[in-house]
Amino acid sequence: EGSDGEQEDVLQRALRSTAPAVAKATTLGQTHISMTRCVDANISKAAKAVVSTVQWHPEAQRSLLLAASGDKALRFYSVDGENNPMVASAFCESMPVTAAGFAQGGAEVLAVGRRPFFYTYDVATGALSRTSKLIGREEKSWESLAVNPAHMGGSAVHALFGRHGSISLVSARSKQWVGELKMNGEVRAGAFAADGMTLVTVGTEGAVYHWDMRMHKCIARHDDDGLSPGTAV
């Protein structure tokens, strides 16, 4: 051990160079990735059909995972890395789930399928409710959705993706239609910014659209090389 001055001098010399940080690894080659096989998240109760959505609860400390699937079920797992028990489930009658997501800060889950209706699941009570039809809309199928993550009170909206580029904006409170956006091609996926003010969507034409949720209009559009069609954001 040296004096405080000597230790400070060693530290300053180390900070003058990035060599130690960027030196080539001696234990792992450039063509290899170190991986560890973990226990399946849904090992306690696997789905009986293709899993369409996997999403963590926004409160990370809860380690609660949502898995939605084509067997019409929403399943929730408490992921501990060992047993990963299923702690709740809900059955969406007559609707194989194609997309789902946590809403209202994790208090709810919205789920859609290729049906004119959609479901809302109350995480605290386990109650499942069905919105039969959006008043003023004629869609017979909701292909996907984007759930707004922000707490915006009564002004928050979610986006349901229909056919032919139709994006229906749905009130987070009433679950009814409040507006529409339209893009070229078919909408395949979308995501809101953290503040809920911007929506980004992609579709079959290989372009990325940026929407302003206050004005309900497109504020930017750009092509994404290799993204044809886009399937996730």
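**Glu143 and the Cores of a Predicted Model**

Modeller: In this predicted model, Glu143 touches Thr98, Arg114, Phe161, Gly162 and Arg163, leaving out residues up to four places away in sequence. The place of Glu143 is in the loop between strand S8 (128–131) and strand S9 (144–146).

Biologist: Why is Glu143 called buried?

Modeller: The relative accessible area of Glu143 is 16%. Buried means under 20%, so a residue with 16%, such as Glu143, is called buried.

Biologist: What makes the pair of Glu143 and Arg114 a polar contact?

Modeller: The side chains of Glu143 and Arg114 are joined at 3.1 Å. The cut-off for a pair of N or O atoms is 3.5 Å, with one atom able to donate a hydrogen and the other able to accept it. The value of 3.1 Å is within that cut-off, and the pair therefore counts as a polar contact.

Biologist: Let us turn to the loop that holds Leu134. Where does Leu134 lie, and why is Leu134 called buried?

Modeller: Leu134 lies in the loop between S8 and S9. The relative accessible area of Leu134 is 1%. Set against the limit of under 20%, this value means that Leu134 is buried.

Biologist: Which residues are in contact with Leu134, leaving aside its neighbours within four places in sequence?

Modeller: They are Phe118, Trp142, Leu160, Ser168, Val170, Lys175, Gln176 and Trp177. Each of these has heavy atoms within 4.5 Å of Leu134, which is why the word contact applies. Gln176 is 42 residues from Leu134 in sequence, while their C-alpha atoms are 5.7 Å apart in space.

Biologist: Why is Thr131 called buried?

Modeller: Thr131, found in strand S8, has a relative accessible area of 12%. Because buried means under 20%, Thr131 with 12% is buried. Thr131 touches Phe117, Phe118, Lys175 and Gln176, not counting residues up to four places away in sequence.

Biologist: Why is Asp122 called partly exposed?

Modeller: Asp122, in strand S7, has 29% relative accessibility. Buried is under 20% and exposed is over 50%; the value of 29% lies in between, and Asp122 is therefore called partly exposed. Not counting residues up to four places away in sequence, Asp122 touches Ala107 and Ala127.

Biologist: What makes the pair of Asp122 and Ala124 a polar contact?

Modeller: A polar atom of the Asp122 side chain lies 3.0 Å from the backbone nitrogen of Ala124. The cut-off is 3.5 Å, so 3.0 Å falls within it.

Biologist: What makes the phi of Ser63 and of Lys72 notable?

Modeller: Most residues other than glycine have a negative phi. Ser63 is not a glycine, yet its phi is positive, about 50°. Lys72 is not a glycine either, and its phi is positive, about 75°. Ser63 is found in the loop between strand S1 (51–56) and S2, and Lys72 lies in the loop between S2 and S3.

Biologist: Why is Ser63 called partly exposed, and why is Lys72?

Modeller: Ser63 has 26% relative accessibility, and Lys72 has a relative accessible area of 28%. Both values lie between 20% and 50%, and therefore both residues are called partly exposed.

Biologist: What makes a set of residues a nonpolar core, and which residues have the most contacts inside the largest one?

Modeller: The members must be buried residues of certain types, Ala, Val, Leu and Phe among them, joined through side-chain atoms within 4.5 Å. The largest nonpolar core has 17 residues, and those with the most contacts inside it are Leu74, Phe76, Val97, Ala100 and Val109. Strands S2 (64–69), S3 (73–78), S5 (97–103), S6 (108–113) and S7 (118–122) each supply at least two residues of this core. A second, separate core of 15 residues includes Leu181, Phe192, Tyr209 and Met213.

Biologist: Which residues lie nearest the centre of the largest pocket?

Modeller: Ala100, Ser144, Leu145, Ala146 and Gly190 do, out of 31 lining residues. About 650 Å³ of space lies in this pocket. S1, S5, S9 and strand S13 (187–192) each supply at least two residues of the lining.

Biologist: How many helices and strands has the chain, and what share of its residues is buried?

Modeller: The chain has two helices and 16 strands. Of its 233 residues, 39% count as buried.

Conventions
Residues numbered from 1 in each chain as written. Predicted model: local features only at pLDDT ≥ 70, side-chain atom pairs only at ≥ 80, totals over all residues. Heavy atoms only, no water. Helix = DSSP H or I, 4+ residues; strand = E, 2+ residues; numbered from the N terminus. Buried < 20%, exposed > 50% of the residue type's maximum accessible area, 1.4 Å probe, protein only. 1 Å grid on protein atoms, 1.4 Å probe; cavity = no way out; pocket = protein on both sides within 12 Å on 5 of 7 lines; lining within 4 Å. Points joined across faces, edges and corners; volume = space filled by probe spheres on them.
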